[in-house]
Amino acid sequence: MQSGEAARRAYWTQQFEAAYAFMFENILPYPVVECGEPFVSLREAAAQAGVDVAFSSLRHVNDLDRLFYLREGQVPGFLRAAKRMNERGWVMRVEDGYRTREIQKYLGRTPKIFDVVLQRVMWELEGKVPSPEFMFRRCTGLVATVPKFATHMSGSAIDISVLRRDDPALEVDRGGPYIEMSELTPMDSPFVSDVGQKHRHEITALMRDQGFVEYPWEFWHYSSGDAYDQFLRKTGKPAIYGAVDWDPATNAVTPMANPTAALNSEEEIRTEIEAALQRLAK
């Protein structure tokens, strides 16, 4: 485990520049052939399979429900992964699943997240307030800023924590909680303890065995069948899951209009920076 503020700052900058490049250079142009698979409730699937899975009890942005759904083709792998965790004495807790446009748009603007990221960016800039363009750049790797590379909007990604089955009040140490916004956040952060790194690698290996690839810049995010998955595994195949609008009444999915347009404008980000600075000054 490394230490030292200068090293931490340099690592943060390097990692989230890499995340920005990954999104715009690799994922934005990646081909998607939407398969149209419907969604399946992970709560119902786990209950029917008799697998011990926990789900976050927190409300989402704007007091919306969290949508614990994946695409139909992903559910067998999800259940196998959860069962494997049970066999190891762990319980997967699903923190987040599908996100609508509204959820994704406002998630990164909530004070709980935006203020923390702004503080971290000002730390990176040694006290300077970032421009809206720079804040957009940093937020891109932490809370996807464009539907095309927001895999939660594809219904193909889940955020997870891992609990001890013998005492569900205790989390398996991954070097930080969900949701951590710091130099500890990237999956392979050298600033995480040896125990935390060991658990991250074990959980990732387990998830990969069941078809879910890790997002390199967040230690809690896993997906399959989308552009992240196909690019990171170098399959050469188009993604089968892209950003979609979902009709819960019919379980129909429709490819999202304008998936390459930013969810928040420069002016909206500028307004959030000003509001966050006022909150942080109190």
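Is Glu214 buried or exposed? In this predicted model, Glu214 is buried, with a relative accessible area of 16%. The value falls in the buried class because that class covers everything under 20%. Glu214 has a charged partner. Arg208 forms a salt bridge with Glu214, and the closest N and O atoms are 2.8 Å apart. Arg208 itself is partly exposed, at 38% relative accessibility. This bridge therefore pairs a buried acid with a partly exposed base.

Salt bridges that share partners also occur elsewhere. Glu17, Glu124, Arg137 and Arg138 are joined in this way into one network. In total, the structure holds 26 salt bridges.

One pair from the network can be described in detail. The side chains of Arg137 and Glu17 meet in a salt bridge, with an N to O distance of 2.8 Å. The two residues belong to distant parts of the chain, 120 residues apart. Arg137 sits in helix α6, which spans residues 132–142. Glu17 sits in helix α1, which spans residues 5–27. The bridge thus links α6 with α1. Arg137 is partly exposed, with a relative accessible area of 27%. Glu17 is also partly exposed, at 27% relative accessibility. Both residues are placed in that class because it lies between the 20% and 50% limits.

A further salt bridge joins the side chains of Asp166 and Arg164, at 3.1 Å from N to O. Here the acid is exposed: Asp166 has a relative accessible area of 60%. Arg164 is partly exposed, at 35%. Asp166 counts as exposed because the class begins over 50%.

Ser156 presents another setting. This serine lies in the loop between α6 and β5, the latter covering residues 157–164. Ser156 is buried, with a relative accessible area of 0%. A polar atom of the Ser156 side chain lies 3.2 Å from the backbone oxygen of Thr151. Thr151 is also among the residues that Ser156 touches. Leaving aside residues up to four places away in sequence, the contacts of Ser156 are Leu70, Gln74, Thr151, Tyr222, Ser223, Ser224, Asp226 and Tyr241.

Burial thus recurs in two of the settings described. Glu214 is buried at 16% and has a salt-bridge partner in Arg208. Ser156 is buried at 0%, and its side chain has a polar atom 3.2 Å from the backbone oxygen of Thr151.

Methods:
Residues are numbered from 1 along each chain as its sequence is written. This is a predicted model: local features need pLDDT of at least 70, side-chain atom pairs count only at pLDDT 80 or more; totals for chains, interfaces and linings use all residues. Side-chain values use heavy atoms; hydrogens and water are left out. A salt bridge is a side-chain nitrogen of Lys or Arg within 4 Å of a carboxyl oxygen of Asp or Glu. Helices (H or I, at least four residues) and strands (E, at least two) are DSSP runs, numbered from the N terminus. Buried means under 20% relative accessible area, exposed over 50%, partly exposed in between (1.4 Å probe, protein chains only). A polar contact is a pair of N or O atoms within 3.5 Å; within protein, one must be able to donate a hydrogen and the other to accept it, and residues adjacent in sequence count only if both atoms are side-chain atoms. Contact means heavy atoms within 4.5 Å.
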